[in-house]
Amino acid sequence: MLILTIRTDKPEAELGLFDNDRKLEYITWQAHRELSIVVHKKIEQLLSAEGQTLSNLEGVVCFIGPGSFTGLRIGLTVGNALAYGLQIPIKAAVGDTWIQTGIAELKNGEADEIALPEYGADAHITQQKK
């Protein structure tokens, strides 16, 4: 099972490509405010390093937080869109062993309909300025 892992809760973003439990590729980069611009390129880079394409993916595991509001939103939007568009399962995961837990649950047939973020606190929404 070829699985893409996505973690975007902090300035250093992480993407991984796994064949079941075996790590094929793993990249990290300082994304900061460039995350939405480069995440798709980084996914393509990760896949091409292993001679794979998006159509080869069989599952997605996303770290859901807590963490950066914008970072989580971007990463989870990418993960959910890939899962929906490719018609593959997605699994939301947390904690230090999020990758292992998410992969194990996907392999056991457990999937989420959609991966939702866990920000760790209520959003601080301000009134719209006129």
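Trainee: What makes up the contacts in this protein that have a separation of 6 or more, and how much of them comes from residues 24 or more positions apart?

Mentor: In this predicted model, residues 24 or more positions apart account for 59% of the contacts with a separation of 6 or more, a contact being a pair with heavy atoms within 4.5 Å.

Trainee: Which elements does the protein have, and in what pattern do they follow one another along the sequence?

Mentor: There are 3 helices and 5 strands, and read along the sequence they follow the pattern β-β-β-α-β-α-β-α.

Trainee: Why is the protein called as compact as a globular protein of that length?

Mentor: The radius of gyration is 15 Å, and the globule rule gives 14 Å for 130 residues; the two values are close, so the protein is as compact as a globular protein of that length. Along its principal axes, the C-alpha trace spans about 50 × 30 × 30 Å.

Trainee: What makes strand 1 and strand 2 a pair?

Mentor: A pair needs at least two bridges, and 6 bridges join strand 1 to strand 2, so these strands, which run antiparallel, meet the definition. A hairpin of 4 residues joins them, and Ile 6 stands opposite Leu 15 in strand 2.

Trainee: How do you know that strand 1 also pairs with strand 4, and in which direction do the two run?

Mentor: The same cut-off of at least two bridges applies, and 4 bridges join strand 1 (residues 2-7) to strand 4 (residues 59-63), so they pair too, although here the strands run parallel. On this side, Ile 6 stands opposite Cys 62 in strand 4.

Trainee: What makes the pairing of the whole sheet mixed, and which strands are called edge strands?

Mentor: The 5 strands form an open sheet in the order 3-2-1-4-5 with mixed pairing, and the edge strands are strand 3 (22-30) and strand 5 (90-93), since each pairs on one side only. Both directions have already appeared, for strand 1 runs antiparallel to strand 2 and parallel to strand 4. From one strand to the next, the twist averages 15 degrees.

Trainee: How do you know that strand 2 is mostly covered?

Mentor: Buried means under 20% relative accessible area, and 6 of the 8 residues in strand 2 are buried, which supports the description. For the protein, buried residues make up 41% of the 130 residues.

Trainee: Why is Asp 9 called buried, and where is it found?

Mentor: Asp 9 has a relative accessible area of 8%, and because the cut-off is under 20%, it counts as buried. It is found in the loop between strand 1 and strand 2, where Asp 9 touches residues including Phe 63, Pro 66 and Leu 72.

Trainee: What makes the link between Asp 9 and Arg 7 a polar contact?

Mentor: The side chains of Asp 9 and Arg 7 are joined at 2.7 Å, and the definition asks for a pair of N or O atoms within 3.5 Å, so the distance satisfies that cut-off.

Trainee: Which residues touch the most other members of the largest nonpolar core, and which element gives the most to it?

Mentor: Of the 29 residues in this core, Trp 29 and Ile 43 touch the most other members, and helix 1 gives the most, with 6 residues. Ile 43 touches, among others, Leu 4, Leu 15 and Val 78. Apart from this core lies another, of 9 residues, among them Phe 18, Val 61, Ala 93 and Leu 106.

Definitions and conventions:
Residues numbered from 1 in each chain as written. Predicted model: local features only at pLDDT ≥ 70, side-chain atom pairs only at ≥ 80, totals over all residues. Heavy atoms only, no water. Axes fitted to C-alpha atoms, helices over the stretch in contact; angles between N-to-C directions. Core = buried A, V, L, I, M, F, W, Y, C linked by side-chain atoms within 4.5 Å. Buried < 20%, exposed > 50% of the residue type's maximum accessible area, 1.4 Å probe, protein only. Polar contact = N/O pair within 3.5 Å; in protein donor to acceptor, adjacent residues only side chain to side chain. Rg over C-alpha atoms; globule rule 2.2 N^0.38 Å. Lists of a residue's contacts leave out its neighbours within four places in sequence.
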